[in-house]
Amino acid sequence: QVHLVESGGGLVQPGGSLRLSCTASGSFFRFNAVRWYRQAPGQERELVAGLAYGGATHYADVVKGRFAISKDNAKNTVYLQMNSLKPEDTAVYYCNVEIVYSNGGGDDYWGQGTQVTVSS
């Protein structure tokens, strides 16, 4: 079993920055693809950013140039650097990690969510 813990959310003024972290614990071999999603009140969950195992990244149009996804394999941690934040970025942010086990099997895990509020 793998457990994901998110941190880094909070209240920030428009134009500010936050870095979200998502750390995996448990027994596994490596990450495969990793992603960040967000869900605003009354809205569907949407994909914000993705990072493939090979290094290719994908960003939603509304965050391109402002957000950056990365990972540190040694720390089993995925990051989302968010700059130039806007009120419309306010949402609960969730990490989603594809885990590969040493036997070659895999599973998909979600973090518990962290609230990001952008407001003056």
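Buried means under 20% relative accessible area, exposed means over 50%, and partly exposed covers what lies in between. At 26% relative accessibility, Asn76 therefore counts as partly exposed. Please keep in mind throughout that the model is predicted.

**A hairpin and its loop**

Let us stay with Asn76 for a moment. This residue is found in the loop between strand 7 and strand 8. Those two strands, residues 67-72 and residues 77-82, pair in the antiparallel sense over six bridges. Within the pairing, Lys71 stands opposite Val78 of strand 8. The hairpin has four residues between its strands, and Asn76 takes a positive phi there, near 50°. Why is that worth a look? Most residues other than glycine have a negative phi.

Where else does a positive phi turn up in a residue other than glycine? Ser84 also has a phi near 50°. Ser84 lies in the loop between strand 8 and strand 9, and with a relative accessible area of 41% this serine is partly exposed.

Moving along the chain, the loop between strand 9 and strand 10 holds Gly104. With a relative accessible area of 59%, Gly104 is exposed. Gly104 and Phe29 are 75 residues apart in sequence, yet their C-alpha atoms are 8.5 Å apart in space.

**The disulfide**

How many disulfides does the model contain? The count comes to one. Cys22 and Cys95 form it, with their sulfur atoms 2.0 Å apart. Because the torsion about the S-S bond of Cys22 and Cys95 is about 55°, the disulfide is right-handed. Cys22 lies in strand 3 (residues 18-26) and Cys95 in strand 9 (residues 91-100), so the pair ties together parts that are 73 residues apart in sequence. Are the two cysteines buried or exposed? Both Cys22 and Cys95 are buried.

**Aromatic rings**

Across the whole structure, a search finds two aromatic pairs. Their geometry is set out here.

| Pair | Centre to centre | Between the planes | Arrangement |
|---|---|---|---|
| Phe28 and Phe31 | 5.7 Å | 5° | stacked |
| Tyr37 and Trp110 | 5.0 Å | 50° | tilted |

Planes under 30 degrees apart count as stacked and those over 60 as edge-to-face, with the rest tilted. The 5° between the planes of Phe28 and Phe31 goes with the stacked label, while the 50° of Tyr37 and Trp110 goes with the tilted one.

The pair of Tyr37 and Trp110 links distant parts of the chain: Tyr37 is in strand 4 (residues 30-39) and Trp110 in strand 10 (residues 106-110), 73 residues apart. Which side of the burial cut-off does each ring residue fall on? Tyr37 counts as buried because its relative accessibility is 18%. Trp110, at 37% relative accessibility, counts as partly exposed. As for the stacked pair, both Phe28 and Phe31 are buried.

**Charges over rings**

Two arginines complete the tour. The charged end of Arg30 sits over the ring of Tyr53, at 3.9 Å from the ring centre. Likewise, Arg45 places its charged end over the ring of Tyr94, 3.8 Å from the centre.

Methods. Residues are numbered from 1 along each chain as its sequence is written. This is a predicted model: local features need pLDDT of at least 70, side-chain atom pairs count only at pLDDT 80 or more; totals for chains, interfaces and linings use all residues. Side-chain values use heavy atoms; hydrogens and water are left out. Two strands pair if DSSP finds at least two bridges between them. A disulfide is a pair of cysteine sulfur atoms within 2.5 Å. Buried means under 20% relative accessible area, exposed over 50%, partly exposed in between (1.4 Å probe, protein chains only). Rings of Phe, Tyr and Trp (its six-membered ring) pair if their centres lie within 6.5 Å; planes under 30 degrees apart count as stacked, over 60 as edge-to-face and the rest as tilted. A charge sits over a ring if NZ of Lys or CZ of Arg is within 6 Å of the ring centre and within 35 degrees of the ring normal.
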